[in-house]
Amino acid sequence: MNDELQARAVQPAAIRERAEAEMKALGIDDAFIGRLVDTFYGRVLAHPELGPVFDARLSGRWPEHMEKMKSFWSSVAFRSGAYGGKPVQAHLGIANMSPELFPKWLALFAETLDDIAPNNDAKAWFMAAAERIARSLTLSLFYNPALDDPALNRS
(Lines give C-alpha, C1' and ligand atoms only; values in the text may rest on other atoms or scores of the structure.)
Protein backbone atom coordinates (compact mmCIF):
# COMPACT_ATOMS: atom_id res chain seq x y z
CA MET A 1 0.00 0.00 0.00
CA ASN A 2 2.82 2.40 0.79
CA ASP A 3 4.24 1.94 -2.74
CA GLU A 4 0.84 2.79 -4.22
CA LEU A 5 0.65 6.01 -2.19
CA GLN A 6 4.14 6.98 -3.27
CA ALA A 7 3.25 6.32 -6.91
CA ARG A 8 0.19 8.57 -6.58
CA ALA A 9 2.32 11.34 -5.08
CA VAL A 10 4.81 11.13 -7.94
CA GLN A 11 2.16 11.51 -10.65
CA PRO A 12 1.22 15.18 -9.96
CA ALA A 13 4.90 16.08 -9.75
CA ALA A 14 5.53 14.42 -13.11
CA ILE A 15 2.57 16.28 -14.63
CA ARG A 16 3.95 19.60 -13.34
CA GLU A 17 7.42 18.79 -14.66
CA ARG A 18 6.04 17.99 -18.12
CA ALA A 19 3.96 21.17 -18.12
CA GLU A 20 6.94 23.27 -17.05
CA ALA A 21 9.05 21.74 -19.83
CA GLU A 22 6.29 22.35 -22.37
CA MET A 23 5.91 25.98 -21.31
CA LYS A 24 9.69 26.53 -21.32
CA ALA A 25 9.81 25.18 -24.89
CA LEU A 26 7.10 27.70 -25.81
CA GLY A 27 9.01 30.55 -24.17
CA ILE A 28 6.48 30.89 -21.36
CA ASP A 29 7.53 31.80 -17.83
CA ASP A 30 6.01 33.60 -14.84
CA ALA A 31 7.03 36.97 -16.26
CA PHE A 32 5.05 36.28 -19.42
CA ILE A 33 2.00 35.22 -17.40
CA GLY A 34 2.18 38.49 -15.46
CA ARG A 35 2.53 40.54 -18.66
CA LEU A 36 -0.36 38.65 -20.29
CA VAL A 37 -2.71 39.26 -17.37
CA ASP A 38 -1.70 42.92 -16.92
CA THR A 39 -1.97 43.71 -20.64
CA PHE A 40 -5.19 41.81 -21.20
CA TYR A 41 -7.08 43.24 -18.23
CA GLY A 42 -5.86 46.74 -19.07
CA ARG A 43 -7.53 46.24 -22.44
CA VAL A 44 -10.63 44.73 -20.84
CA LEU A 45 -11.08 47.88 -18.75
CA ALA A 46 -10.77 50.06 -21.85
CA HIS A 47 -13.23 47.94 -23.87
CA PRO A 48 -16.61 49.70 -24.25
CA GLU A 49 -18.68 46.59 -23.45
CA LEU A 50 -16.39 44.43 -21.31
CA GLY A 51 -14.93 47.25 -19.21
CA PRO A 52 -18.15 48.35 -17.49
CA VAL A 53 -19.15 44.74 -16.65
CA PHE A 54 -15.77 43.89 -15.15
CA ASP A 55 -15.31 47.22 -13.38
CA ALA A 56 -18.77 47.10 -11.80
CA ARG A 57 -17.97 43.69 -10.34
CA LEU A 58 -14.36 44.39 -9.35
CA SER A 59 -14.41 48.04 -8.36
CA GLY A 60 -11.99 48.49 -5.47
CA ARG A 61 -10.74 44.92 -5.83
CA TRP A 62 -8.68 45.07 -9.02
CA PRO A 63 -5.28 44.35 -7.41
CA GLU A 64 -6.70 41.23 -5.71
CA HIS A 65 -8.32 40.11 -8.96
CA MET A 66 -5.11 40.61 -10.93
CA GLU A 67 -3.15 38.43 -8.51
CA LYS A 68 -5.90 35.81 -8.66
CA MET A 69 -5.80 35.81 -12.47
CA LYS A 70 -2.01 35.47 -12.48
CA SER A 71 -2.35 32.52 -10.14
CA PHE A 72 -5.11 31.08 -12.33
CA TRP A 73 -3.16 31.32 -15.60
CA SER A 74 0.01 30.06 -13.92
CA SER A 75 -1.95 27.07 -12.66
CA VAL A 76 -3.39 26.45 -16.14
CA ALA A 77 -0.01 26.73 -17.87
CA PHE A 78 2.24 25.01 -15.35
CA ARG A 79 -0.35 22.63 -13.82
CA SER A 80 0.86 23.96 -10.49
CA GLY A 81 -2.38 23.76 -8.56
CA ALA A 82 -1.70 27.33 -7.38
CA TYR A 83 -5.25 28.45 -8.11
CA GLY A 84 -7.91 27.27 -5.72
CA GLY A 85 -10.83 29.44 -6.76
CA LYS A 86 -14.22 28.54 -8.15
CA PRO A 87 -14.60 30.32 -11.51
CA VAL A 88 -18.22 29.40 -12.16
CA GLN A 89 -19.39 30.60 -8.77
CA ALA A 90 -17.30 33.76 -9.14
CA HIS A 91 -19.13 34.61 -12.37
CA LEU A 92 -22.67 33.84 -11.19
CA GLY A 93 -24.92 36.84 -10.82
CA ILE A 94 -22.65 39.36 -12.51
CA ALA A 95 -24.80 42.23 -13.70
CA ASN A 96 -24.97 42.55 -17.50
CA MET A 97 -23.01 39.31 -18.06
CA SER A 98 -24.23 37.66 -21.25
CA PRO A 99 -23.07 34.87 -23.55
CA GLU A 100 -22.45 37.49 -26.25
CA LEU A 101 -19.57 38.92 -24.22
CA PHE A 102 -17.48 35.75 -24.40
CA PRO A 103 -16.54 36.05 -28.10
CA LYS A 104 -15.50 39.64 -27.42
CA TRP A 105 -13.41 38.47 -24.45
CA LEU A 106 -11.77 35.85 -26.68
CA ALA A 107 -11.10 38.34 -29.48
CA LEU A 108 -9.43 40.72 -27.02
CA PHE A 109 -7.41 37.84 -25.58
CA ALA A 110 -6.28 36.88 -29.11
CA GLU A 111 -5.29 40.49 -29.87
CA THR A 112 -3.27 40.58 -26.66
CA LEU A 113 -1.51 37.35 -27.58
CA ASP A 114 -0.85 38.69 -31.10
CA ASP A 115 0.99 41.58 -29.49
CA ILE A 116 2.93 39.84 -26.71
CA ALA A 117 3.13 36.04 -27.22
CA PRO A 118 6.70 34.92 -27.84
CA ASN A 119 5.64 32.78 -30.83
CA ASN A 120 2.68 31.29 -32.69
CA ASP A 121 2.83 28.03 -30.75
CA ALA A 122 2.50 29.89 -27.45
CA LYS A 123 -0.40 31.90 -28.86
CA ALA A 124 -2.12 28.72 -30.07
CA TRP A 125 -1.68 27.03 -26.69
CA PHE A 126 -3.12 29.96 -24.72
CA MET A 127 -5.97 30.48 -27.19
CA ALA A 128 -6.96 26.82 -26.97
CA ALA A 129 -7.00 27.10 -23.17
CA ALA A 130 -8.98 30.37 -23.28
CA GLU A 131 -11.52 28.87 -25.70
CA ARG A 132 -12.03 25.85 -23.40
CA ILE A 133 -12.49 28.18 -20.42
CA ALA A 134 -14.94 30.43 -22.29
CA ARG A 135 -16.94 27.43 -23.53
CA SER A 136 -17.05 25.92 -20.04
CA LEU A 137 -18.16 29.18 -18.42
CA THR A 138 -20.74 29.87 -21.11
CA LEU A 139 -22.27 26.42 -20.69
CA SER A 140 -22.15 26.60 -16.91
CA LEU A 141 -23.68 30.06 -16.70
CA PHE A 142 -26.16 30.15 -19.57
CA TYR A 143 -27.00 26.70 -20.91
CA ASN A 144 -30.52 25.48 -20.25
CA PRO A 145 -30.91 21.79 -21.18
CA ALA A 146 -34.67 22.22 -21.32
CA LEU A 147 -34.21 24.32 -24.46
CA ASP A 148 -32.85 21.22 -26.22
CA ASP A 149 -35.87 19.10 -25.27
CA PRO A 150 -37.61 18.11 -28.54
CA ALA A 151 -40.92 17.88 -26.66
CA LEU A 152 -40.72 21.64 -26.08
CA ASN A 153 -40.17 22.43 -29.76
CA ARG A 154 -43.41 24.15 -30.68
CA SER A 155 -42.56 25.27 -34.18
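Let's count Ala, Val, Leu, Ile, Met, Phe, Trp, Tyr, Cys and Pro as nonpolar, Asp, Glu, Lys and Arg as charged, and everything else, Gly included, as polar. With that in hand, we can walk through this structure, which is a predicted model.

Start with the empty space. Rolling a probe the size of a water molecule over the atoms shows where such space is left. Here the largest pocket comes out at a volume of about 570 Å³. It is lined by 27 residues, and the ones closest to its centre are Phe54, His65, Met69, Ala90 and His91. Five helices give two or more residues each to that lining: α3 (50–58), α4 (62–78), α5 (87–91), α6 (101–116) and α7 (120–142). Of these, α4 hands over the largest share, with six residues. And what is the lining of the largest pocket made of? Sort its residues by the classes above and you get 19 nonpolar, three polar and five charged.

Now for the rings. A pair of aromatic rings is described by the distance of the centres and the angle of the planes. The count for this model is 11 aromatic pairs. Take Phe72 and Trp73: their centres sit 5.4 Å apart with 85° between the planes, an edge-to-face arrangement. Are these two buried or exposed? Phe72 counts as buried because its relative accessibility is 14%, under the 20% cut-off. Trp73 counts as buried too, at 3%.

That pair also belongs to something wider. Ring pairs join Phe72 and Trp73 into a cluster with Phe32, Phe40, Tyr41, Phe54, Trp62, Trp105, Phe109, Trp125 and Phe126. Phe54 turns up in this cluster and again among the residues closest to the centre of the largest pocket.

Methods:
Residues numbered from 1 in each chain as written. Predicted model: local features only at pLDDT ≥ 70, side-chain atom pairs only at ≥ 80, totals over all residues. Heavy atoms only, no water. 1 Å grid on protein atoms, 1.4 Å probe; cavity = no way out; pocket = protein on both sides within 12 Å on 5 of 7 lines; lining within 4 Å. Points joined across faces, edges and corners; volume = space filled by probe spheres on them. Helix = DSSP H or I, 4+ residues; strand = E, 2+ residues; numbered from the N terminus. Phe/Tyr/Trp six-rings, centres within 6.5 Å; stacked < 30°, edge-to-face > 60°. Buried < 20%, exposed > 50% of the residue type's maximum accessible area, 1.4 Å probe, protein only.
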